[in-house]
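Thanks for coming. I will take one structure today, starting with the whole chain and then moving to a few local spots.

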Amino acid sequence: MKIANVMISRVQGGIEQMFLHYNTALTRLGNDVVSVVDNKCQLVNDIKTPYVKINFNKFNLLLIFKLYFALKNFAPDIIIVHQKKAIPLFKLVARLLKAKVVGVAHNPKTKRLEKCDAVISITNNQKEKMAAHGLNADKIFAVPNMVEAQKQEPQYKPYHQPIVFGTMGRFDPAKGFADFILALSVLKQRCIPFKAVIGGKNNSTYAEEEKRIFQLVQDLDLQNEVEFCGWVNDKQKFFDGIDIFVLPSLEEAFGIVLLEAALAKKPIIFSTADGPKEVFENTGAALMFERGNSQMLANKMNELVKNQSLSQELAQKAYDLVEEKYTIEAGAKVLQSTLQKIMEKN
């Protein structure tokens, strides 16, 4: 198949990472792939396919013709769009190219997805939610997110002294960083020595939340225990520096970072947010707590502090689970099969 993979974001994050993984997955299975990215794309140096750069503006009619002529000789069968706001533009381009548009739903919001010929949902739970909100269930296909497999299986490492907890994400209230910090405060009240590292980058959208989180650390007298390490470019170094990974999200469509933590052989504690719950619930590969319940989170953290053998067992099970179901090799087969089904539909 000939596939145009579109990512018009100007930031870095999970969606942008999945765009790159789609490129890798599709090219490894022999598809011809061209990327379409914004002029201010921060990941352009990581793109391994031919690419077209545009100054995205969903109201720019001239851009439709620019894209048409840029893609005309390539003649894609499918255009995969990772940001919903770009769907109307690429639907018009697709009509000129006689291609199908596939929207990747990285969250359960259905706006603009009805314009697509097919929709990829990153979880089955999200697929059901979108269908319940009126999106045609027959054109929704579940394809989970994926991560690059390790070159070799890492060895489980004993805890640092003191133990180090880690979490990572945007300073978005939905990421639940406040609950993570409240749980750390409980551990300190119980006289359990620890360190904690929070990886993430602020932008103007979440500036107030960042201030709130920093202030909470001060108010709870955790400034000596908690480190804010900023945007994590070297994830292997981040995971090497922690013992237990915590995802305290109040809302999380998937949680790619959980897959990365699992491949780094780190035991995981995750909230009951929809995405992580679908991946790990009833697998015996991680500990789950009720989202928003910092006391329960503290108890789960304390459980792993006291039981390093349990941590090792969880880490191995999580690693095996991700290797089996969520690597690019596994995900590529599901993605390829899905796109073939879409091509066969009228």
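What share of the 346 residues of the protein count as buried? The figure is 54%. Please keep in mind throughout that this is a predicted model.

First, the overall picture. The protein has 12 helices and 13 strands. Its radius of gyration is 21 Å, and the globule rule gives 20 Å for 346 residues, so the protein is as compact as a globular protein of that length. If you take the principal axes, the C-alpha atoms fill a box of roughly 65 × 40 × 40 Å. On contacts, take those with a separation of 6 or more: 66% of them are between residues 24 or more positions apart.

Now the surface and the charges. The exposed area of the protein is about 15,800 Å², and 49% of that comes from carbon and sulfur atoms. There are 45 positive and 37 negative side chains. The centres of these two sets are 7 Å apart.

A word on cysteines. A disulfide is a covalent bond between the sulfur atoms of two cysteines. With a cut-off of 2.5 Å between sulfur atoms, the count here is zero disulfides. Two cysteines to look at are Cys41 and Cys116. Cys41 is buried at a relative accessible area of 8%, and Cys116 is buried at 4%.

Next, one helix. How many of the eight residues of helix α8 are buried? The answer is eight, for a helix that spans residues 256-263. Reading along α8, the buried residues are Ile256, Val257, Leu258, Leu259, Glu260, Ala261, Ala262 and Leu263. Note that Glu260 is on that list. In general, an α-helix has 3.6 residues a turn, so residues three or four places apart point the same way. In α8, the buried set includes Ile256 and Glu260 as well as Leu259 and Leu263. After α8 comes Lys265, with a positive phi near 60°.

That brings me to backbone geometry elsewhere. Lys98 is not a glycine, yet its phi is positive, at about 60°. Where is Lys98 found? It is in the loop between α3, residues 87-97, and β5, residues 100-105. Lys98 counts as exposed because its relative accessibility is 76%, and the cut-off for exposed is over 50%.

Asn282 is another residue other than glycine with a positive phi, in this case near 65°. Its place is the loop between α9 (274-280) and β13 (287-289). Asn282 is exposed as well, with a relative accessible area of 77%.

There is also a cis peptide bond to point out. It runs from Gln161 to Pro162, and its omega is near 0°. Pro162 sits in the loop between β7 (140-142) and β8 (163-168).

Last, a loop residue of another kind. Is Leu135 buried or exposed? Leu135 is in the loop between α4 (124-132) and β7, and it is buried, with a relative accessible area of 7%. Which residues does Leu135 touch, not counting those up to four places away in sequence? They are Thr110, Leu113, Glu114, Val119, Met130 and Ile140. Lys111 lies 24 residues from Leu135 along the chain, and the two C-alpha atoms are separated by 9.4 Å.

To close, the loop residues Lys98 and Asn282 are exposed, whereas Leu135 is buried.

Notes. Residues are numbered from 1 along each chain as its sequence is written. This is a predicted model: local features need pLDDT of at least 70, side-chain atom pairs count only at pLDDT 80 or more; totals for chains, interfaces and linings use all residues. Side-chain values use heavy atoms; hydrogens and water are left out. Helices (H or I, at least four residues) and strands (E, at least two) are DSSP runs, numbered from the N terminus. The radius of gyration is taken over C-alpha atoms; the globule rule is 2.2 Å times the number of residues to the power 0.38. Buried means under 20% relative accessible area, exposed over 50%, partly exposed in between (1.4 Å probe, protein chains only). Contact means heavy atoms within 4.5 Å. Accessible areas come from the Shrake-Rupley method with a 1.4 Å probe; for residues, only the protein chains shown count as cover. Lys and Arg count as positive and Asp and Glu as negative; His and the chain ends are not counted. The place of a charge is taken as NZ of Lys, CZ of Arg, CG of Asp or CD of Glu.
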